[in-house]
Amino acid sequence: MSKMEEVRTLRGDPGIHYNCAQAVFIPFAKDFGLDRDTAFALSSQFGSGMGMGSVCGALTGALMVLGLKGGTPAQRTALIRAFREAHDGELDCAALLKIDRDKGNKDKKPHCDRMVYDAVQILEAILGEE
């Protein structure tokens, strides 16, 4: 199963809510010898912009992966820049949700799913993965 397929499975699981950071981070965890429970716990506090509408959890999860992969400052900058460019210049959860609501989208889940999928696609492009 590809990372994106696993991400989609996590976001679609009706039995457990995986926040955006968890949905990005967990599929990569085994690459670093982390079990699913540890990855779940490590990323648990980063959803909903650290629970206060700050930096999007999907971006935070991607940054956690980049850190474990030994990413460079240039890769971090590229990740943040690409995420910002894809989302109207915003990084914060609250601002991203407001933009989506202003566009007439009332359901939060599809919006957050898009943030997660975008973060993983950008991360994989930066890391040269498929």
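Colleague: Leaving aside neighbours within four places in sequence, which residues is Val116 in contact with?

Modeller: A good place to start, and please keep in mind that this is a predicted model. Val116 is in contact with Val7, Arg11, Cys20, Ala23, Val24 and Ala58, once neighbours within four places in sequence are set aside.

Colleague: How should I read such a set of contacts, and what is the general idea behind a nonpolar core?

Modeller: In soluble globular proteins, nonpolar side chains tend to be buried together. Here, the largest nonpolar core has 33 residues, and Val24, Ala58, Phe83 and Val116 touch the most other members. Two or more residues of this core come from each of α1, α2, α5, α6 (73-86), α7 and α8.

Colleague: Which element gives the most to this core?

Modeller: That is α8, with eight residues.

Colleague: Let me try a polar residue next. Is Thr60 buried or exposed?

Modeller: Thr60 has a relative accessible area of 10%, and the cut-off for buried is under 20%, so Thr60 counts as buried. You will find Thr60 in helix α5, which covers residues 57-68. Not counting residues up to four places away in sequence, Thr60 touches Phe46 and Val55.

Colleague: And how accessible is Gln121?

Modeller: Gln121 sits in helix α8 and is partly exposed, at 45% relative accessibility. If you want a distance to check in your viewer, take Gln121 and His87: their C-alpha atoms are 14 Å apart in space, and the two residues are 34 apart in sequence.

Colleague: Now to charged groups. How many salt bridges are there?

Modeller: First the general idea: side chains of opposite charge can pair when their charged atoms come close. In this model the count comes to eight salt bridges.

Colleague: Where do Asp31 and Lys3 lie, in the pair they form?

Modeller: The side chains of Asp31 and Lys3 meet in a salt bridge, at 3.1 Å from N to O. Asp31 is in the loop between α2 (20-29) and α3 (36-42) and Lys3 is in helix α1, so this pair ties together parts that are 28 residues apart in sequence. As for accessibility, Asp31 is partly exposed at 40%, while Lys3 is buried, with a relative accessible area of 15%.

Colleague: What about Arg36 and Glu6, and which parts does that pair tie together?

Modeller: The side chains of Arg36 and Glu6 form a salt bridge at 3.5 Å, N to O. Because Arg36 lies in helix α3 and Glu6 in helix α1, the pair ties together parts 30 residues apart in sequence. Arg36 is partly exposed, with a relative accessible area of 41%, whereas Glu6 is buried at 11%.

Colleague: Which residues are linked with Glu6 in a network of salt bridges?

Modeller: The network links Glu6 with Lys30 and Arg36.

Colleague: How does the pair of Asp100 and Arg114 read?

Modeller: Their side chains meet in a salt bridge with an N to O distance of 2.7 Å. This pair links distant parts of the chain, with Asp100 in helix α7 and Arg114 in helix α8, 14 residues apart. Asp100 is buried, at 7% relative accessibility, and Arg114 is partly exposed, at 35%.

Colleague: I would also like to look at empty space. What is the volume of the second largest pocket?

Modeller: The general idea is that rolling a probe the size of a water molecule over the atoms shows where empty space is left. The second largest pocket has a volume of about 150 Å³. Asp100 and Arg114 turn up again in its lining, which also includes Ala86, His87, Lys103 and Met115. Helices α7 (93-102) and α8 each supply at least two lining residues, and the largest share, four residues, comes from α8. By class, this lining has four nonpolar, two polar and five charged residues.

Colleague: And how much space lies in the largest pocket?

Modeller: About 190 Å³. Of the 15 residues that line this pocket, Arg11, His17, Tyr18, Asn19 and Lys109 are the closest to its centre. At least two lining residues come from each of α1 (3-12), α4 (47-53) and α8 (108-127).

Colleague: What classes of residue make up the lining of the largest pocket?

Modeller: Six nonpolar, five polar and four charged residues. Arg11 brings us back to the beginning, as one of the residues in contact with Val116.

Technical notes
Residues numbered from 1 in each chain as written. Predicted model: local features only at pLDDT ≥ 70, side-chain atom pairs only at ≥ 80, totals over all residues. Heavy atoms only, no water. 1 Å grid on protein atoms, 1.4 Å probe; cavity = no way out; pocket = protein on both sides within 12 Å on 5 of 7 lines; lining within 4 Å. Points joined across faces, edges and corners; volume = space filled by probe spheres on them. Nonpolar A, V, L, I, M, F, W, Y, C, P; charged D, E, K, R; others polar. Buried < 20%, exposed > 50% of the residue type's maximum accessible area, 1.4 Å probe, protein only. Contact = heavy atoms within 4.5 Å. Salt bridge = Lys/Arg side-chain N within 4 Å of Asp/Glu carboxyl O. Core = buried A, V, L, I, M, F, W, Y, C linked by side-chain atoms within 4.5 Å.
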